[in-house]
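Please work through the exercises below with the sequence and the 3D structure open beside the text. Each task sentence is followed by a solution in steps.

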Amino acid sequence: MSLLSVEDLSVTYGAHRALHNVNLSVEPGEIVTIVGPNGSGKTSLFKAIIGSAEPSSGKVRLKPNLRVGYVPQRLHIDPTLPITVDRFMRLAARVGRGEAARALEAAGVPDVSGQQMSQLSGGQFQRVLLARALIGAPELLLLDEATQGLDQPGSAAFYRQIEAVRRETGCAILMISHELHVVMSASDRVVCLNGHICCEGTPAVVASAPEYRALFGTGTGGALALYRHDHDHDHDHDHEHGHDHTGSREAAE
Amino acid sequence: MLDDFMVRATLAGVGVAFAAAPLGCFVVWRRMAYFGDATAHAAMLGVALSLALQISIFAGAVAVALAMALTVTLLAGRGYAMDTLLGVLAHSALAFGLVAVSFLSGIRIDLMAYLFGDILAVSRGDLLVIWGGATVVVALIAWRWAALLTATLNEELAYASGLDPRREQLILTLSLAITVAVAIKVVGVLLIAALLIIPAAAARSLARTPEAMAVIAAVIGALSAITGLRAAYLFDTPAGPSIVCVAAVLFAGLSLLGWRSGKA
């Protein structure tokens, strides 16, 4: 069965509709990436999945006893809060030193456990967050813009790490990303979100979909050229659900 | 031994320091310093109400401090910034409290005792309340420690770990109300926030883990209480402020040491 299935989900904040009628499922072992402009409801979708936002209608179903690992978007640790990597890793219920050390190794940062969280570089910090999520051998890993603040080589390396994690543990991965080019190469399936699901499919299919082009344009850099191929359909037609895909909806973030 | 007012005062100061230390760490980490201040100011209204209704000052102060904290939590994010809301509620409560006290004819009360505390007048009953309150606060925080810490680090992380950050926030708010209420006698409503924040801030440069910071803050707080009272006795200075002064000097000294060793 699916690890996660989102059924006809809508999320509203007051009068603002952040998400409507979203259907999504994640199968064991696959990497699914959600892309979408600012205000497209990506974060709301994640919040509904981890339970910090109430759906106004629809459901989020998790496989019973699903082990979920979560890597937050950005973690600001106040400079007044002293905490070592090891302590941070073992914050959750009864995690042994050995287990923490193994997770750090799997995330590519085996030697940082004695350091203060505040002394880590951006890349190390994100890997520690990944390591923390790996504790308890999750079946599903959720990553919310996990590479924000990393430079391009940094985030490419981070995504390679994610792929390595999937290869070694077989866990499924659902992530939100801005970095279209990297995402496109690392994902099995891409879901393009803008309040609802505009289009989804393999990276190649999504990259050439007119809805995707309407959101991100065709000039998103050379990396996408990989997926550019001849189409027999028209990019400029009005699609049936006639709303403005390019308008941004800031409040949803 | 408890017959000596200095012994009772010292025990009262140490009791408050123990409750204030771990709570103060969260106040510092979560940037709630102004929240602590506001809760304390609002407690003045509680003092006035309990005098009028002839109930215990502790109960009145806890009730009003808690009511204020809950109101702020409910109103937050509805058009006013948090600090504006806190400013409006806290100072209004303080002003209403002071005005209400003036209506209480027949009872002559020493307002200064509530504004600045009167630690030298601590009775055995007060000691019981202070240590009882401190035990409750320390127990609450110890019980929820990992959850509180996770929620402090990141709300989404807390949700993903199956915790409800709002509940953790409520536990902190409740602890804050209790601490404020038990500390009124010791340092008064104007200086309670100092007892929360200064020892925790002073402990920062010495600590490598959150737990160590809480323990060191408790030691610094207790040391401040003992030394401050001794100094107040020797130099005939007001007791509550003297305790805060010692804590401030410790903070300054430790911060300088921290900067010199490049850790802070």
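The exercises treat a sheet, a helix, two backbone angles and a chain interface in turn.

This is a predicted model, in which local features need pLDDT of at least 70 and side-chain atom pairs count only at pLDDT 80 or more, whereas totals for chains, interfaces and linings use all residues. Residues are numbered from 1 along each chain as its sequence is written, chains are lettered from A and ligands numbered from 1 in the order in which they are written, and side-chain values use heavy atoms, with hydrogens and water left out.

**Exercise 1.** Determine the strand order of the open sheet of chain A and identify its edge strands.

Solution. Strands (E, at least two residues) and helices (H or I, at least four) are DSSP runs numbered from the N terminus, and two strands pair if DSSP finds at least two bridges between them. The open sheet has 6 strands in the order E5-E6-E7-E3-E8-E9 of chain A, and its pairing is mixed. Strand E5 (68–71) and strand E9 (197–201) of chain A are the edges, since each pairs on one side only.

**Exercise 2.** Describe the surroundings of strand E7 (residues 172–176) of chain A, beginning with its partners.

Solution. On the one hand, strand E6 (residues 140–144) of chain A runs parallel to E7(A) and is joined to it by 5 bridges; here Leu141(A) stands opposite Ile173(A), and Asp144(A) has Ile176(A) as its bridge partner. On the other hand, strand E3 (residues 31–35) of chain A is also parallel to E7(A), with 4 bridges, and Ile34(A) is bridged to Ile176(A). As for burial (buried means under 20% relative accessible area, exposed over 50%, partly exposed in between, with a 1.4 Å probe and protein chains only), 5 of the 5 residues of E7(A) are buried, so the strand is largely enclosed by the rest of the structure. In a regular strand the side chains alternate between the two faces of the sheet. Accordingly, Ala172(A), Leu174(A) and Ile176(A) lie on one side, with Ile173(A) and Met175(A) on the other, and both faces are covered.

**Exercise 3.** Check whether the length of helix H3 (residues 57–75) of chain B agrees with expectation, and state what its buried residues pack against.

Solution. The expected span of a helix is 1.5 Å times one less than its number of residues. For the 19 residues of H3(B) this gives 27 Å, and because the end C-alpha atoms are 27 Å apart, the two values agree. The buried residues of H3(B) include Gly60(B), Val64(B), Met68(B) and Val72(B). Such buried residues pack against helix H2 (33–53), helix H4 (82–103) and helix H9 (165–187) of chain B.

**Exercise 4.** Locate Asn21(A) and Gln54(B), and classify their exposure.

Solution. Most residues other than glycine have a negative phi. Asn21(A), in strand E2 (residues 16–26) of chain A, has a positive phi near 50°, and its 42% relative accessibility makes it partly exposed. Gln54(B), in the loop between H2 and H3 of chain B, has a positive phi near 55°, while its 69% relative accessibility makes it exposed.

**Exercise 5.** Characterise the interface between chain B and chain A.

Solution. With contact taken as heavy atoms within 4.5 Å, 21 residues of chain B touch 23 residues of chain A. The buried area, which is the accessible area (1.4 Å probe) that two parts lose on being put together, summed over both, is about 2100 Å², and carbon and sulfur atoms give 60% of it. There are 2 salt bridges between the chains, a salt bridge being a side-chain nitrogen of Lys or Arg within 4 Å of a carboxyl oxygen of Asp or Glu. One of them links Arg31(B) with Asp78(A), whose closest N and O atoms are 2.5 Å apart.
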